[in-house]
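User: Please take a close look at the nonpolar interior of this model, and connect what you find there to the cysteines and to any neighbouring detail that can be supported.

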Amino acid sequence: MESEYVELLPRVFSLLGDARQTVVDDTCLEKLLDCFRAITENETEFYILQRIPCLTNVIVNVSKQRDINPSILSFIMRLTGLFAASENYFVQLEDNGIMSSLFVNPTNLGTDAWEEATVRSGWLLGIQNMLRHEAVIRFLYKYGCIDEIIQLQKDPSIFVASTASQLLASILSFCLQCSTHATLGNSSKTQLTNKVTVLHSDDWSDCICAITGHIEDFLRSDITSNVQQALKLLSKVSGTMYPVAIIFLWPKIEESIKLLLKGDLTGIGQPLAELFLNVSRSFPSEVLEPTFWELLCLLLRSMNQIEALTLASGILKLKTCPQSLRMQAVTTLFQPLNYIIAVTSVQAPEDAVQVHTSTLFHGKYLQSSCREDVQHGNRPFGPIRPCQQVLLDESSFCRVDIENRLSRKSACINLLCQILSYLWELLQMPPQTTELPFQALMRSVITILQLCIGIAIPVASTVVNISRHLIGCIKVQRRGMDVLGALPQWAGIEEVNSALAILHDYISNPDTDCTVLKKSLQALFCWMSHCIEGVNSHVLEPKLQEFLHGDFISVMKKRLFDVHWEIRDSVLEFLGQMCFQFKGVESFCQLIGSCGIPHLVLELLSDPESYVRASAITALGKMNYLSPNWQMLPNENSVTAVKGNILSYLLDILNKDTEGFARRAAIKVLADWLKNSHTLSSCELENFVPVILKIGSNDLDWEVKVHTLGLAEAFIDHVASNLSISPYAVLMSNSTGSTQVKVFLQTLCEVGMFTTLFHALWDCDRPVAQKACEILIKLKTIASGADNVEVLKSNGQKPNRESFSDWLSYSNLNLQNVNDIMEILIVLDLEIQHQHLVRSSDHIESSFRSLLEDLLAAADSEDGGADCY
């Protein structure tokens, strides 16, 4: 801690301890706590802080006052907790009576004060902060604080109640903390239990008994809120620093959990699921007893459909769990989808009967699930007929709430959206984490998407409402497309045909919502990539070619001029992404180059919507990778004849477009071409570099200026590679290297590179100045490899933003002269300047000193407002 900060602290603490002063903004107090929290983690600074008398004095004064501001009182409690985390300081505070004044029988602080939720919260958080050593536990039990914390779990303030529950969990886990030698690697249950250390003290044992007794009593309570409170507390224990404590607790609560599972789960199903999942995540499956997994199976079978879906999704995300439980979770997740397929048909009538008993899973799912469930005497959802090919048949739909939910519109949509969201999350996980029936999943998702546009229809009149609910349902369509886009890697020929067909239906449907169309194109791109780059691409690519040579191109052309700008924008993004991804596929290049789409994209450069213009520029930039001469291909139907080079279009946009989006897109495309040494653009682009640098560096948009510097850096790397110069390493000082460096720098001078870089170095936008400084440091490294760099004629003066031009004139330096450039690069403290630029722009304003000054200034101001944001 710097001494100047220490000098301000007595004045600040005097302010905080004065009941006549008012700090109107709690934000400054929170920031002050954050600063002290960082200080207390540094032993040296904490030692200095402890020696400041005003610290103890203000705590003593506040603890004696009865009319103190509640926010100040809460702050002092939390601050005291931070200091009391040091056992020596805790003893000092206890000897001075401060701990008793603030934390023993908190109602003595005054009824009015204790009625403030912020004071009760501060009391709890103060204890939480000091919970670092055994003396705290002895203190809490000695003065009955544990009972008060238990009572605060029912506080009317949800924040206070939650904090009390978390504090109890922390105390309990701290009392049952695992020893330093405890490991969970391959330990058995017995070994693990022996490694739980119950600290040898009567106070500790009594404290544990008080909390565990409270938990057991509440678990057996007839009041639902009490049971919920106990379950949430147990969940928090498993998420503390010492989750192994839950292993010690489980035998004590297991019977109570069993009784809960046999009763009505209304209101407690979700906290029960959260508890089981938290424990499952904290420990490997082999550490937990088999009875734990049996109880989890029972819970999954007993919950209602919505809660069961959440639990099933959580189970499938576990790294390890019994296979029977995993299969039961898969069944739970797929049961509503199975029901929809069973009552929906796009087949001939004679095939409809088969749909009712068609499988969603391969036989191995049925066999493993049935075999293990029979061994445990369990039936997940009712009778399962011994069959080789089905998991769910008509008689297994004993979750009576499925049909009921699907018959109501809002419930139906919410249920399907929830299932699809869970499935999408699972598909993002590594394949080895969970095993899903991907063919069944593919079929169910396509069926749902077909229902949404009226292709599929229910075969049972009792559930015809499902189709009515889903027709045009955007929420379900969006989530269905997300899942469909995540499935290609598991697909074969049949799945590719089905996916391309449904995607074509959505893309060509004029009623498709803008956001759904965007997701449809994203999904189509994933399926196209799979067909061209997948393992079976030699089989799948002909299917894609057949799709592309159908009416796909005509659909894209129509969509390019859709009345909705969002659709035009999405199609342009898709076309650009597609052209860049498949630029090496000759048949695709020929198709795009000859279909007239590039000419239509050129027309969209004048679209009234700036987002569309920007996307058109980006798409053209990526199309330019397809063929060097695509823009010269004849197109009789084109409204606008293509004249000149595409570079002219981009430069015109960069110079004249009034919207930043389009200008950013243009400069990014130009920089990308140069960075990738594109065959069409690299030679031509070199001739335009001076113009681009001049236009881009004077743009009013800081992002355009940053991308201009990106282009400048790409040009520098391009020139350096031609001269075999490495921008990242100092050259040996020899005549050949020195000559190359001077030729290199001369080339940059000729295009006005240094005028651009030094102009940007002093730019008022920090990202621009930072980027320019990084490039100049790279050039300084290269320049240091040249011989005969003369000493600068500036008498040691250092320029800044305001004086740079005058400094150049005074020193008789020219940014077009190579020798002058080398002198400037070497004399400037670019490294120091870069250190300042990479720091946050508010590094001074957000410092500890600045915060203390704000607090003092706020006390003197009329409105009392602290500038601490």
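Analyst: In this predicted model, the largest nonpolar core has 288 residues, and the members that touch the most other members are I171, L484 and F758. Taking I171 in detail, and leaving aside residues up to four places away in sequence, its contacts are L131, I137, L140, I146, I149, C207 and I211.

F758 can be placed within helix 40, where it is one of the buried residues, together with M753, F754, T756, L757, A760 and L761. Because seven of the nine residues of this helix, which spans residues 753-761, are buried, helix 40 is largely enclosed by the rest of the structure.

Turning to the cysteines, a disulfide requires a pair of cysteine sulfur atoms within 2.5 Å, and by that rule the count for the model is zero. C417 illustrates the point, since its nearest cysteine sulfur, that of C473, is 5.8 Å away, and C417 is in no disulfide. C417 has a relative accessibility of 6%, so it counts as buried; C28 is likewise buried, with a relative accessible area of 1%.

A contrasting case is K252, which belongs to helix 16, residues 245-262. With a relative accessibility of 37%, K252 counts as partly exposed, because the buried class is confined to values under 20% and the exposed class to values over 50%. The C-alpha atom of K252 is separated by 7.8 Å from that of E216, a residue 36 positions away along the chain.

Terms used. Residues numbered from 1 in each chain as written. Predicted model: local features only at pLDDT ≥ 70, side-chain atom pairs only at ≥ 80, totals over all residues. Heavy atoms only, no water. Buried < 20%, exposed > 50% of the residue type's maximum accessible area, 1.4 Å probe, protein only. Core = buried A, V, L, I, M, F, W, Y, C linked by side-chain atoms within 4.5 Å. Contact = heavy atoms within 4.5 Å. Helix = DSSP H or I, 4+ residues; strand = E, 2+ residues; numbered from the N terminus.
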